[in-house]
Amino acid sequence: MDLGIKGKRAVVCASSKGLGLGCAQALAAAGCDLVMNARGAEALEAAAETIRTAHGVSVETVAADITGDDGRAKVLAAAGQADILVNNAGGPPPGMWHDWDRADFIAALDANMLSPIAMIKALVPGMMDRGWGRVVNITSQSVKAPIPQLGLSNAARTGLTGYVAGTSRQVASAGVTINNLLPGIHATDRAEALDGPVAARDGISLEEARARRSATIPAGRYGSLEEFGAVCAFICSQHAGFMVGQNILLDGGATNATI
Ligand code: NAP
């Protein structure tokens, strides 16, 4: 399917690895020029070069922390007249509800709520002026069904979701859509970081920890970056202009709910 976004300019935050990289690859495959970001320059450059070679699109890289004011300013300086924004950053650390103090909550809110909101506020006005834009926020299945040990994520991402619910309906008439993609477990470094402590605690291998978790998912496996990226690219496509303020679960059926 032609997604109709060849030549569009896409900013993909936190995209040297994992779900962000999946989105960058799929948008490049659809013909978008990219601004890619991550903190570590080496992996970022390697990912960018692979995409340039595979898809022949232009890829600018910005090695910076997207959760800080300085890092965001650098990404925004490279963004130019961005048509597409994919918001992403690392997830907050696990723990239990009584573990966190105010500083922990502020850090989580900065990373997973206020940073994407700042990017939206910076780039959506230009999209509205030009009459077309797409924003996809990578959040989590924890927005629909809280994950007990990820209380910081549950809280911060739900805050972003509330902001998007209101904002998306205020900008839609200008041709700009804002939607959220809610990953369940995907085969990324982040998944390994969550499985590692489980393996250590239960005295099992990483593979066994992964197999046990996979058995709890109706699809029987982890999601792939390619699947995730393809859905992101579709939401950014010409075909998805009537999709406004939605929360799309990509979790292999793990969230047991009728709607
Ligand atoms: P990942 O594999 O660990 O990749 C994270 C990517 O983001 C890397 O490129 C990393 O590069 C970059 N990054 C992290 N923090 C950054 C920052 N502050 N500024 C700029 N770049 C940053 O993670 P993932 O699995 O793709 O997860 C992406 C998001 O989805 C996270 O918020 C995660 O919590 C959420 N999520 C993931 C899953 C899953 O199963 N994978 C499920 C639910 C939710 P650098 O380290 O070099 O910066």
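## Ligand contacts

A polar side-chain atom of Arg190 comes to 3.1 Å from an oxygen atom of the ligand. Thr188 also offers a polar side-chain atom, here 2.4 Å from a ligand oxygen atom. Gly90 uses its backbone instead: an N or O atom lies 3.3 Å from a nitrogen atom of the ligand. On its own, the ligand exposes 890 Å², and the protein buries 89% of that area. This is a predicted model, and the distances should be read as such.

## The shell around the ligand

The ligand is surrounded by 28 residues. The closest are Ser16, Leu19, Ala89, His186 and Thr188. Thr188 thus appears on that list and also supplies the 2.4 Å approach to a ligand oxygen.

Three elements give two or more residues to the shell: α1 (18-29), β2 (33-38) and α6 (189-202). By class, the shell residues split into 13 polar, 9 nonpolar and 6 charged.

## Strand β5 and the loop after it

Asn137 belongs to strand β5. Its relative accessibility is 0%, so Asn137 counts as buried. The side chain of Asn137 makes a polar contact of 2.9 Å with the side chain of Asn180.

Thr139 sits in the loop between β5 (133-138) and α5 (151-171). Is Thr139 buried or exposed? Thr139 has a relative accessible area of 3%, which means it is buried, since the cut-off is under 20%. Thr139 and Leu160 are 21 residues apart in sequence. In space, their C-alpha atoms are 8.5 Å apart.

## Aromatic rings

The model holds 1 aromatic pair. The partners are Trp100 and Phe105, arranged edge-to-face. Their ring centres are 6.1 Å apart, with 85° between the planes. That angle is over 60 degrees, which is why the pair is classed as edge-to-face.

How do the two partners rank by accessibility? Trp100 has 14% relative accessibility and therefore counts as buried. Phe105 has a relative accessible area of 31%, so Phe105 is partly exposed.

Another ring, that of Trp132, takes part in a contact with a charge. The charged end of Lys8 sits over this ring, 4.1 Å from its centre.

Technical notes: Residues numbered from 1 in each chain as written. Predicted model: local features only at pLDDT ≥ 70, side-chain atom pairs only at ≥ 80, totals over all residues. Heavy atoms only, no water. Phe/Tyr/Trp six-rings, centres within 6.5 Å; stacked < 30°, edge-to-face > 60°. Buried < 20%, exposed > 50% of the residue type's maximum accessible area, 1.4 Å probe, protein only. Lys NZ or Arg CZ within 6 Å of the ring centre and 35° of its normal. Near = heavy atom within 4 Å. Polar contact = N/O pair within 3.5 Å; in protein donor to acceptor, adjacent residues only side chain to side chain. Areas by Shrake-Rupley, 256 points an atom, 1.4 Å probe, with all protein chains shown as cover. Helix = DSSP H or I, 4+ residues; strand = E, 2+ residues; numbered from the N terminus. Nonpolar A, V, L, I, M, F, W, Y, C, P; charged D, E, K, R; others polar.
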